[in-house]
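Pull up the model and keep it beside you while you read. We'll start with the empty spaces inside and then walk out through the strands around them.

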Amino acid sequence: MSVNRRQFLALSGGLVAGASMASETVRKVNPKNWAISAEGHRRADLQNGTFLNPVLAGDYPDPTILKDGDDYYMTHSSFDAAPGILIWHSKDLVNWQPVGPALAKPLGIVFAMDLVKHNGRYYIYIPFMKAPWSPPLKSFANIMVIHADNIEGPWSEPVDLNIGGYIDPGHIVGEDGKRYLFLSGVKRIQLSDDGLSTVGEVHHAYDGWQYPDEWITEAYALEGPKLFKRNDYFYLVSAVGGTAGPATGHMVIVARSTSVQGPWENCPHNPIVRTESEQEYWWSRGHATMVPGPEGNPNKWYMVYHGYENGYRSLGRQTLIEPMTWDENDWPVALGGDLSAPLPLPLAAGTTSRPHGFSHADDFSELLLGTRWVFFGASANEQQRLSLNNKTLTLEASGSSPADSAPLVQTVGDHAYEISVVVDIDVDTEAGLLLFYNSRLFIGMGHSKQGMVTYRGGKSSHWRERAPTTNTLHLKIVNDRHIVSFYYSTDGIDWQRHGLRSEVSGYNVNTVDDLQGLKPALFACGKGQARFRDFRYKGLPS
């Protein structure tokens, strides 16, 4: 039968004891409703049988999720990150822990992938986009695959499928037992039985669902095909409307067929997910994967997709989950409203809440490359620049500024936070602390023997801060809901506020047309080396 959101909350015990029925209505969320970790991160699991999106806060876009027995594994577009393709593990879809990176040396910018398991083996189908730091690639978009016997690796080197000009691969086994990839467009190509090469040519598969022309979107952009078999049908879940631009653009549409060859019938209530107003809490919701829930109920499924947080596009596209069910005609029905209110935790019977995420602070006693830190826009040999010894990270200088230095960055998802680090430099080295969006847009401080360099808007500022030119300097950045303040100190006790403050809400995709998030970063440029110690992170009340 058809189940609406009100019925879902009642049937699943989603109303917390003592809560009024008003709590199930769509409302703007109070940010203080999130659970808070010891380090100050917001957490989705509210520890009362409910959760509040996002399940992964920060720039974790284009989620692809695999249900493997009682386990869920997920990864995201890693773009310019090296190592890339961080895999996550969960038992309940809400609490996630990192497994580790699957791609040590990206061949290009990594767009939306598909993580699948077939005949006991794991595969990740990857589109590599040509970048200035890439080795030679045949096309601007190149689909390859890596594979492993164990989700923890080791993963193979990328195998070129010789599919050029397409992105967003989606894997499915057809009614004929053959393997197929669906591609942006939506196109289709057959795979070999081992999934490591193609058979035949790319064919057109699906025309999409056309929304009304008066809807305000970025572009039609039929993309992100994800497929699965349920009962008698193959379901094709895709996205239209564009992933950025207006808040009301992105959306989730569904079609189905009894054959992977088609024809495809569109869902009568498409789109099944869409941000309908910029007053909603989550913008540009789309690029969904559908999976059965951990409860064991065949009608309790979940969608995992991304969205921008209203007022915080600078954090990037964050991972969201939404409960769904199936109506009497076997079409999916979304149950989460606009996701601004707590929802019932999808916990299987007998399970308990698990740890979530990882600490962002780093004493550099171990190298968590690919989990905590990644290089941005790195060449294949970038990791040779880095070493650890005696709780000190040493970074060889590269490039002439943060823009071409391949900085170390990490993803964060809080509205307000404070970061600090101790920097020690060689005489010809400039090194420092940034909030980094991409090579064209960043903000922060560079410490050198010639004086402090202040960066705003992706370039050095006219501002001349009279900071000490000692070898060692403590640097601190506070980002308080887009208001950014810099500090420096010679001893880490007495801090001097930098004379310039900034506002960074515009550091987002609609400013520079690049799908990233604003992230803490360490950089070293010029000549010589820089040494970093005691990186600290603290989430602040918002």
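A cavity here is a set of points, on a 1 Å grid over the protein atoms alone, where a 1.4 Å probe fits but cannot get out, and its lining residues have an atom within 4 Å of a point. Grid points are joined across faces, edges and corners, and a volume is the space filled by probe spheres set on the points. Rolling a probe the size of a water molecule over the atoms shows where empty space is left.

Before we use that, some housekeeping. This is a predicted model, in which local features need pLDDT of at least 70 and side-chain atom pairs count only at pLDDT 80 or more, while totals for chains, interfaces and linings use all residues. Residues are numbered from 1 along each chain as its sequence is written, and side-chain values use heavy atoms, with hydrogens and water left out.

So, how many cavities of 30 Å³ or more does the structure hold? There are 3. The largest cavity takes up about 340 Å³ of space. It is lined by 29 residues, and those closest to its centre are Ser78, Ala81, Val374, Thr411 and Lys519. Strands, for our purposes, are DSSP runs of E with at least two residues, numbered from the N terminus. Three elements give two or more residues to this lining: β7, β28 (374-376) and β33 (429-438). Of these, β7 gives the most, with 4 residues.

What is that lining made of, by class? Ala, Val, Leu, Ile, Met, Phe, Trp, Tyr, Cys and Pro count as nonpolar, Asp, Glu, Lys and Arg as charged, and the others, Gly among them, as polar. On that split, the largest cavity is lined by 15 nonpolar, 10 polar and 4 charged residues.

Stay with β7 for a moment, which covers residues 84-90. Two strands are said to pair if DSSP finds at least two bridges between them. Strand β7 pairs with β8 in the antiparallel sense over 5 bridges, and Leu86 has Pro101 in β8 as its bridge partner. Both belong to an open, antiparallel sheet of 4 strands in the order β4-β5-β7-β8. At its edges are β4 (64-68) and β8 (97-103), each pairing on one side only. From one strand to the next, the twist averages 25 degrees, with axes taken as lines fitted to C-alpha atoms and angles running from 0 to 180 degrees between N-to-C directions.

Now for the second largest cavity, which holds about 70 Å³ of space. Its lining includes Tyr312, Asp414, His415, Tyr417 and Asn479. By class, the lining residues divide into 5 nonpolar, 4 polar and 1 charged.

Tyr417 leads us on to strand β32. Tyr417 stands opposite Gly539 in β41, and 8 bridges join β32 to that antiparallel strand, β41 (residues 529-539). Strand β32 also runs antiparallel to β37 (residues 472-480), with 9 bridges joining them, and here Val423 stands opposite Leu473. Is β32 buried or exposed? Buried means under 20% relative accessible area, exposed over 50%, and partly exposed in between (1.4 Å probe, protein chains only). Strand β32 (residues 416-425) is largely enclosed by the rest of the structure, because 9 of its 10 residues are buried.

Another sheet is worth finding. Its 4 strands, in the order β14-β15-β16-β17, form an open sheet with antiparallel pairing. The edge strands, each pairing on one side only, are β14 (170-173) and β17 (198-204). Between β15 (residues 179-183) and β16 (residues 187-191) there are 5 bridges, and Leu183 stands opposite Lys187 in β16.

Further along, β38 (residues 483-489) and β39 (residues 496-503) run antiparallel and are joined by 5 bridges. Val484 has Ser502 in β39 as its bridge partner. Their hairpin has 6 residues between the strands, and Gly492 takes a positive phi near 75 degrees there.

Finally, a few single residues. Ser238 sits in strand β19 (residues 233-240) and counts as buried at 1% relative accessibility. Its C-alpha atom is separated by 6.4 Å from that of Val254, 16 residues apart along the chain. Cys267 is buried too, with a relative accessible area of 2%, and so is Cys525, at 1%. As for disulfides (pairs of cysteine sulfur atoms within 2.5 Å), the structure holds 0.

Technical notes: On a 1 Å grid over the protein atoms alone, a cavity is a set of points where a 1.4 Å probe fits but cannot get out, and a pocket is an open set with protein on both sides within 12 Å along at least five of seven lines; lining residues have an atom within 4 Å of a point.
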